[in-house]
Amino acid sequence: MATNTQDHVLVVLQLSGGNDALNTIVPYADPLYLENRPAVRIDPEKVLPINERIGFNPALEPIKALWDAGKVAIIQGIGYPHPNRSHFRSMDIWHTCEPDKVGTEGWLGRAIRDIDPTHDNVLTGVNFGRGLPRALAVPGVPVASVGNLETYGVLTGIQGEDQRTEALGLFSNMYAPRLGRTLVKEYISQTGVDALKGADILNTAPQKYASTVKYGGDTVAQYLRNIAQVYFAGLGTRIMYTTAPQNSFDTHASELGKHTQLWQEVSNGVSAFCQDLQEHHAGDNVMLLLFTEFGRRVHDNGSGTDHGSGGIAFVIGDAVQGGLYGEYPSLASGKLLEGDLHFNNDFRGTYATLLERWLGLDAKPIVGGSFEQLDFI
Amino acid sequence: MAANDIALMAHLMRRAGFGAPYQELEARAAKGYEATVEELLHPEAQSDGIDADVLERYFMEWREMLAGGPNYWAWRMLNSHRPLEEKIALFWHGVLCTGSSKVQHAKQQLIEFDMFRRCGLGSFRDILLEISRDPSMIFYLDNCMSHKGAINENYGRELLELFSMGVGMDGQPNYSEDDVKACARAFTGWTLTTPVPRYPYGVYTARFIYNPDDHDDGEKTFLGETGNWDGEDIINIIAKQPATARFISRHLYNFFVADDVQVPAWQNTPPRDPEAIKMLEDEYFRSNYEIRAMLRVLFNADFFKNARFAKVKSPVETVVGTMRLVGDFTTPKPGVPALVAEMRYMGQDLANPPTVEGWHTGQEWIDSGTLVERINFTADQMGNINLPGVRAVIERLAAEGPTLTPERLVDGCLELLGHYELADDTYSMLVTHAQKGGALRTDADDFAPRVGQMLQLIASTQEYLFA
């Protein structure tokens, strides 16, 4: 293992669409759960208990195994004041840490800027998937965005090695920074320069990789495998990100079957990733955050659940102090906020914990203030 | 023909369609700009040239494709003689979004996309009514799960937030949470027939049905107006709001004229060109909400004509535009799904936008991943000197005389691609590169490859990312 991988790495898995917290960590002993979920409920008999009150949805069995090994922090009742129930706005808030105005800078983009202020490594942050999530976007901060790790490169179709070398030289000159460009063109030229640099390095990762771990064929598992490949290649990457595609956790209808399948894929992917880290003796260096933009309405709508607040997040890794953090929000009608679970800890506290205690950064300017940190690290 | 007329026509065709080869630009410029605008605005006046019957009869493997889905749509965009019909359908698909990841029924979505073709240039009020009765949409945003006494707010909210008014304008909110609930109540009972089971009968589509027993007929207050509103009343109220005129005008501007900020920022960020938006808003009300009338104003306005290369091309525009230019896929052959996959790699999964907000546009199309996909695809196509459109460029340049200067090679390629304009430094780099190979003899064996390589290099410039 190259020395630069000794630095801590944060992997973020975004569960887009608003994961139903109540059917993920289930308050199976609470009569109010059964009352509010006449149709869209997890059978209490099937829940994998954490204690006498709450337990895992059985689809999370592989994560339960990590929990039993003390590697999982469950952040209960996570959210922010005045919850917004629009996917886009709420996800923006999680991405930018700006609940009161529309922000343009992503929290991880800022973290990458602080880790590598002089852009020494264009691969400090890498996203897996198409299009950069706002969490990683800060103008002028290079973040590679990799759709397909195997074929990543610029002008790969130019015939002849000399011709390609010459074309790449020209490309590099055409995209070189120049005065007097508009902001958009400045952004595009920087993107071109970064793409060229990043591609040459990233291409080496899959060839260097060897592992006995089998990942599933779904997008999340495949990108987690790519994350492992890039990490093991020792490229100095500190922040990696991927997203469960298609806003799939938006389970307004037919929730039970779909939610189960999604969590089976995610849990198996996370489990394979952790095994891969073990096999490469790298478990201590990597921490995984799973988050979603909001929880869902307490009362079901007969087949699914509508947008709510008060969600749940997970932090997973060997270095995590496993346990329950935050409080499980009450389902009592007097304690709800417009029919939704009340948040009791601000997501920016979890971010701040990861930024300061894991990545060694000053969290305050990144998350925009001081928030109570949690002791999962 | 004045070069500027052709350059302007190239601009119009990139925006109102997917670009056009040079000979088509010349023919259209000869007809005149305003006449071409009118022709584009009336797609119904001519055949689309898509001979689906022939495809179905003689190309058995295409039958599945003809049932709908992004492959069929891509085929239409590549070959339709009514470019604006496809472009306006693409516009509405990006605003009134449904996604195949949830609908999972290509034939059902095809009905929606055909509705965009049929109604997309008509009254916005009618379009809202059509989409509210569209089975894909009713399923996508769960209106079929919204019941009297147990509303599902999903459609009611997105109708206001993303389909018609937007959350706010000039710093003020456009509606309240109570308006969302009233709106959702008004659309209870707007639901679907249960489709015939998929097996063993084949794929059947669902139809819209109004179920009065499940409709909440109670009194509702919506945007300050109180009555026993039904969904159609709600749409009538929405259509007359100034916020709706603003929202649709900004969408048309952002899609057809120049990149503006993303939709969530519209509440607090004024339009890029307030005067242009005002012209479009006025036409919205004057024409009784007609999109065709708004586009007539738009295409004929100076703010449009002066907005050349003010937009980053979308992936669909990039792929379809490139293929129309190189003249491939004009007759049936395998490979259309691969083109659709290219759009997806560049960040646009046709028929399946990432969220109900649609695709973010402008510079957000470009990141270090999608840039690589885009440049590699266009360079590969334009460097393929066997493709008819590339051959046409080569032959046209060869016809200019026995030799070509390096400068003329660069200029000629830029012109024939649709009068692209390069920054001075980019231009001189390409000329310097061309000079290394010396003057070009148009009858030499290396003439065609040198033109092909120049086209590849132009395709990889920053300027070529724009339309």
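A helix here is a DSSP run of type H or I with at least four residues, numbered from the N terminus. By that rule, Gln109(B) sits in helix H9 of chain B, residues 106–119. The model is predicted.

Start with Gln109(B). Its relative accessibility is 3%, so it counts as buried, the cut-off being under 20%. What does Gln109(B) touch, leaving aside residues up to four places away in sequence? The neighbours are Thr98(B), Gly99(B), Ser100(B), Val103(B), Ser136(B) and Ala351(B). Ala351(B) also offers a polar partner: its backbone oxygen lies 3.1 Å from a polar atom of the Gln109(B) side chain.

Stay in chain B for helix H16, residues 242–256. This helix has 15 residues. From first C-alpha to last, H16(B) reaches 21 Å, close to the 21 Å expected at 1.5 Å a residue. H16(B) is mostly covered, with 14 of its 15 residues buried.

Now turn to chain A and another glutamine. Gln275(A) belongs to helix H9 of chain A, which runs over residues 255–279. Its relative accessibility is 45%. Partly exposed covers the range between 20% and 50%, so Gln275(A) falls in that class. Leu324(A) is 49 residues from Gln275(A) along the chain. Their C-alpha atoms are separated by 23 Å.

Next comes the interface. Chain B puts 50 residues into the contact, and chain A puts in 46. Together the two chains bury about 4100 Å². Carbon and sulfur atoms account for 58% of that area. Which residues of chain B lose the most area to chain A? They are Ser368(B), Met429(B) and Gln462(B), together giving 15% of what that side buries.

Charged and polar pairs also cross this boundary. There are four salt bridges between chain B and chain A. In a salt bridge, the side chain of Arg178(A) meets that of Asp425(B), at 2.3 Å from N to O. The interface also holds 13 residue pairs in polar contact, with both residues at pLDDT 80 or more.

Which elements give two or more residues to the side of chain B that touches chain A? They are helices H12 (154–164), H21 (336–345), H22 (368–382), H25 (424–436) and H26 (447–459) of chain B. H22(B) gives the most, with ten residues. By residue type, this side of chain B divides into 19 nonpolar, 18 polar and 13 charged.

Notes:
Residues are numbered from 1 along each chain as its sequence is written. Chains are lettered from A and ligands numbered from 1 in the order in which they are written. This is a predicted model: local features need pLDDT of at least 70, side-chain atom pairs count only at pLDDT 80 or more; totals for chains, interfaces and linings use all residues. Side-chain values use heavy atoms; hydrogens and water are left out. Contact means heavy atoms within 4.5 Å. Buried area is the accessible area (1.4 Å probe) that two parts lose on being put together, summed over both. A polar contact is a pair of N or O atoms within 3.5 Å; within protein, one must be able to donate a hydrogen and the other to accept it, and residues adjacent in sequence count only if both atoms are side-chain atoms. Ala, Val, Leu, Ile, Met, Phe, Trp, Tyr, Cys and Pro count as nonpolar, Asp, Glu, Lys and Arg as charged, and the others, Gly among them, as polar. The expected span of a helix is 1.5 Å times one less than its number of residues. Buried means under 20% relative accessible area, exposed over 50%, partly exposed in between (1.4 Å probe, protein chains only).
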